[in-house]
Amino acid sequence: NHPEREIQNTVQTTLEPAYLEPDMSTAHKYSVDAPPSSPNPADGPITAISSWNCWGIPFGSRNCLYRQNHWREFNDRQLLDLCDRSRASLAGDPLLVSCLQETWSFKKGPGMAGAHTKKIGKAWELFIFILSAVIRVFCGFCMKVWDTQTEVFKSPGSVHFVAVVGNKGVSLCHRPCFSLRLMDSGLCILATRQPTQEGFLCYKLAKNEERLVQKGCLWCCFISPDNSCATLVFNTHLCTGSLEDKWSQLEELMGLVRAKTEEIGPTVGTISVFICGDFNLGLGDWPLDNFAKQLALTHLSTGRPTNAQRSRAIDHIWHWSNAKVLHPSEFVSSDPIAPWTNPEGKCMRCLDDLSDHMWQGVAFPATASDPEAWDQQQYSAGQIFY
């Protein structure tokens, strides 16, 4: 139902290695130099949005329970730094949104609370998750949920998030027993305002090891009290299968986006749609190109590599609005920021690496900026905490 328009051209480049050093300073203060004269109105449009795959998968990433305490610290610092550098106003009641993937929740098992507060050995960590999985399969009805999304929401951070979407096992399979769906969707949305609506769509297609999880799309909507504007946010994580499998999931995602847009659009003046996440697809892959063309999306992220090998951009931020196509001067995209400290610039999936995906965000200054004045190289070094 949307008019066709060209996808914004994005040049894929190879980043120079980023030599990152842990920064334990807590004295850094965030302020906007020469802030715009028009602050963000209460319940107005979005100020900044970010997307990051946190790589918190049991059996796959070491000390994932412990690292949950540090994801927000890294995410919040990058988000505020982006607002600072792009001169996006934080006055009034700014809407800041962070979309996270692979913040997996699962049934709570013995020993998880201890592994959440300190690093443990690989063998002990493996035993904890195996024991939890066995108990889940045979007597899941008597188990509580290890709510990773809530743990991330409660952990220390410098952004005053007031809402978390995707917590309390909303996307977890709650069959009483004999279920191999061990984990939820891993999706989480943090926001500085309470959403008006929220929901989750579980993709029908699941193959191989992904039958153990509930991949899908988590969404929420923010509608101003006077119904002048609405912001729809979709957070997704596609499968790692064939292009045809990914297209099948994208078709489901398109149906959800169209349904919610057609439901909310007529009740508000302006509606903005953001689709974020780990698509496991790069620009130029036909499923992603078809998806963008059919929904008439504008690609807001840089298209630079976001994976551990710095070889492909598989994480993306897309936008659509019923008002207009965004001009490059109306938003600022951060370079992908690496949450690891390997001097060669590539993630080696070491014990202390926060994730094997890069963080990226988009900010919207209150006044249009000069794209030529924006120095993307500011982000090649980034900030990292442990």
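This passage describes backbone geometry, salt bridges and the surroundings of one threonine in a predicted model.

Two residues other than glycine were examined for their backbone angles. Trp55 is not a glycine, yet its phi is positive, at about 60°. The residue sits in the loop that connects strand S1 (46-53) with helix H1 (64-86). With a relative accessible area of 7%, Trp55 is buried. Arg87 likewise has a positive phi, near 60°, and is a residue other than glycine. Its position is in the loop between H1 and strand S2 (95-101). The relative accessible area of Arg87 is 42%, and this residue is therefore classed as partly exposed.

In the whole structure, the search returned 10 salt bridges; three of these are described here. One of them joins the side chains of Asp81 and Arg85, with an N to O distance of 2.8 Å. Both residues belong to helix H1, and because they are four residues apart, about one helical turn separates them. Asp81 counts as buried at 9% relative accessibility, whereas Arg85 counts as partly exposed at 29%.

A further salt bridge pairs Arg193 with Asp93, and its closest N and O atoms are 3.3 Å apart. Arg193 is located in the loop between strand S6 (188-191) and strand S7 (197-202), and Asp93 in the loop between H1 and S2, so this pair ties together parts that lie 100 residues apart in sequence. Arg193 is buried, at a relative accessibility of 8%. Its partner Asp93 is partly exposed, with a relative accessible area of 25%.

The side chains of Asp245 and Lys207 also form a salt bridge, at 3.1 Å from N to O. Asp245 is part of helix H5 (residues 243-264), while Lys207 is in the loop between S7 and strand S8 (216-223); the pair therefore ties together parts that are 38 residues apart in sequence. Asp245 counts as buried at 12% relative accessibility. Lys207, at 40% relative accessibility, counts as partly exposed. In this pair, then, the acidic partner Asp245 is buried and the basic partner Lys207 is partly exposed. For Arg193 and Asp93 the assignment is the reverse, with Arg193 buried and Asp93 partly exposed.

The loop between S6 and S7, which holds Arg193, also contains Thr192. At 13% relative accessibility, Thr192 falls under the 20% cut-off and is therefore counted as buried. A polar atom of the Thr192 side chain lies 2.8 Å from the backbone oxygen of Pro94. The backbone nitrogen of Leu96 is 2.9 Å from a polar atom of the side chain of Thr192. The Thr192 side chain thus pairs with a backbone oxygen in the case of Pro94 and with a backbone nitrogen in the case of Leu96.

When neighbours within four places in sequence are left aside, the residues in contact with Thr192 include Asp93, Pro94, Leu95 and Leu96. Val159, His160, Phe161 and Val162 are also among the contacts of Thr192. Asp93 accordingly appears both in the contact list of Thr192 and as the salt-bridge partner of Arg193.

Definitions and conventions: Residues numbered from 1 in each chain as written. Predicted model: local features only at pLDDT ≥ 70, side-chain atom pairs only at ≥ 80, totals over all residues. Heavy atoms only, no water. Buried < 20%, exposed > 50% of the residue type's maximum accessible area, 1.4 Å probe, protein only. Salt bridge = Lys/Arg side-chain N within 4 Å of Asp/Glu carboxyl O. Polar contact = N/O pair within 3.5 Å; in protein donor to acceptor, adjacent residues only side chain to side chain. Contact = heavy atoms within 4.5 Å.
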